[in-house]
Amino acid sequence: MEYIISIIEELLVFFGLTGRAVPIARHISMVVVAILLAWMAKLACSKIIVPLIVKLASRTETKWGEVLFNQKVLHSACQIVPAIVIWQLLPLVFFQYPIAREVLTRLTAIYITVTSVKLAVVFINSFKDLDSDRRTSAQQYFVTFCGVLKIIIMFIAAIITVAILLGKSPLTLFAGLGATSAILMLVFKETLEGLVAGIRLTSNEMVHKGDWITVPGTEANGIVQEMSLSTVKVQNFDNTIVTLSPTTLINGSFQNWKGMQESAGRRVTRQIYFDFRSIRRIDAPMRQRLIDLGYFKPEELTGESVNITLFRNYAEKFLASRKEINPDMTLMVRQREAKDTGLPVEFYFFIKNKEWVTYEHALADIMEGIFSLTKDFELEIYQKYPLH
């Protein structure tokens with residue numbers, strides 16, 4: 001830079017400047033040169049170095065290089081380069097103006113601190129591109145750690161910025177934080193509670209990204225889209241987003257459907273209420289009709305039988321014959337406690353396909369088939385008629 005200063009002075013003399021005009025013109029020229037050098041450094045970084053790194057990262061077999069050294073990270077790094085150039089040149093450019101040099105040095109240092117924090121945050125956020133639809137415990141721990149790390153980085157940057165403005169050492173300010181720890185605990189209370197709740201949710205395998213959860217007392221009934229220090233985002237099946245705090249899940253109770261999703265079937269429990277007046281012993285015509293329909297063989301209908309008993313027995317055979325139902329899981333048709341609305345018969349089985357639309361269609365087909373059987377057994381389903 002001193003060589004550049006001498007060249008500038010020679011050029012000014014060459015153009016005929018003398019006296020007090022020389023220092024002023026020299027200073028303006030040095031400012032212009034410093035700005036030009038900073039601009040050239042940024043241009044070289046963004047137009048040459050960044051494309052080169054992106055090209056090298058794209059050739060790697062692993063996804064890490066391409067994700068962590070992406071365009072956002074590299075361009076954020078380029079924002080720091082011209083500030084560093086200016087910061088290095090300030091003592092030479094403003095050597096005759098110590099006050100201006102000190103003010104500009106502090107402002108440049110604050111800018112470098114802020115852009116460095118931005119670079120760190122963008123770099124940490126890049127790890128989200130490595131995320132999957134369903135997180136493992138290790139991945140969730142890492143996401144939680146990244147959230148804590150961003151808070152720590154921002155907190156340290158704030159201390160450094162204040163130290164630069166006051167002209168003191170950051171270590172001096174850090175030493176004085178002990179007296180304000182209670183205030184800091186109060187300010188970051190929700191963050192600390194969210195951190196502890198998030199760790200508990202993850203360590204106890206309670207919920208992960210991609211799980212289907214239902215939270216009583218809230219509108220949450222859908223897939224977990226994101227888990228952070230302070231929020232758990234759930235996308236309901238109507239595409240609305242419900243935001244909960246991790247402490248809500250820890251302090252209350254919620255239903256996680258992950259076990260059902262990973263099992264071999266989705267449970268069905270349905271009840272039909274039969275009118276007591278339609279329950280009776282079968283007679284010869286009904287016995288013959290059930291044999292003709294292929295519901296039973298003649299040897300299966302020896303002795304006295306009750307129509308609802310035969311209905312339960314055949315309903316189990318009907319369910320076992322359906323290809324949509326998993327026969328290896330619990331399958332039964334049972335009688336429940338009688339009520340004033342009739343005698344409840346419960347159908348308990350598991351459908352293989354757990355996908356919502358397919359599950360609902362299969363369930364409807366099965367239950368509609370069961371409803372149609374009741375007439376053959378001369379059973380009446382209880383139905384409350386409106387008063388006229």
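This tour moves through a predicted model, from the whole chain to one group of helices and then to a few single residues.

Before selecting anything, note that residues are numbered from 1 along each chain as its sequence is written. Because the model is predicted, local features need pLDDT of at least 70 and side-chain atom pairs count only at pLDDT 80 or more, while totals for chains, interfaces and linings use all residues, and side-chain values use heavy atoms, with hydrogens and water left out.

**Whole protein**

Begin with the cartoon of the full protein, which has 15 helices and 8 strands; these are DSSP runs numbered from the N terminus, with helices taken as H or I of at least four residues and strands as E of at least two. Of the 388 residues, 34% count as buried, where buried means under 20% relative accessible area, exposed over 50%, and partly exposed in between, with a 1.4 Å probe and protein chains only. With the surface switched on, the protein exposes about 23,300 Å², and carbon and sulfur atoms supply 62% of it; the areas come from the Shrake-Rupley method with a 1.4 Å probe, and for residues only the protein chains shown count as cover. Among contacts (heavy atoms within 4.5 Å) with a separation of 6 or more, 63% are accounted for by residues 24 or more positions apart.

**Helices H5 and H6**

Next, select residues 80-93 for helix H5 and residues 98-125 for helix H6, which pack at an angle of about 160° with their axes 9 Å apart. The axes are lines fitted to C-alpha atoms, for helices over the stretch in contact, and angles run from 0 to 180 degrees between N-to-C directions. That angle makes H5 roughly antiparallel to H6, a term used for angles over 145 degrees, whereas those under 35 count as roughly parallel, 65 to 115 as roughly perpendicular and the rest as oblique. The crossing of H5 and H6 is left-handed, that is, the near helix is turned anticlockwise from the far one by less than a right angle. Show side chains at the contact, including Ile84, Trp87 and Leu90 of H5 and Thr108, Ile112 and Thr115 of H6. The residues of this contact divide into 12 nonpolar, 4 polar and 1 charged, with Ala, Val, Leu, Ile, Met, Phe, Trp, Tyr, Cys and Pro counted as nonpolar, Asp, Glu, Lys and Arg as charged, and the others, Gly among them, as polar.

**Helix H4 against H6**

Add residues 71-78, helix H4, which packs with H6 at an angle of about 170°, their axes 9 Å apart. H4 and H6 are therefore roughly antiparallel to each other. Here Lys72, Val73, Ser76 and Ala77 in H4 meet Lys118, Leu119, Val122 and Phe123 in H6, a contact with 5 nonpolar, 1 polar and 2 charged residues.

**Single residues**

Centre on Thr115 in helix H6, which is buried at a relative accessible area of 8% and, leaving aside its neighbours within four places in sequence, is in contact with Gln79 and Ile80. Move to Leu92 in helix H5, partly exposed at 29% relative accessibility; Leu92 and Ala34 are 58 residues apart in sequence and 9.7 Å apart in space, C-alpha to C-alpha.

Finish with two backbone stops. Asn239, in the loop between strand S3 (232-236) and strand S4 (241-244), has a phi near 75°, a positive value in a residue other than glycine, and Asn239 is exposed at 58%. Glu378, in the segment after helix H15 (356-373), has a positive phi near 55° and is partly exposed at 29% relative accessibility.
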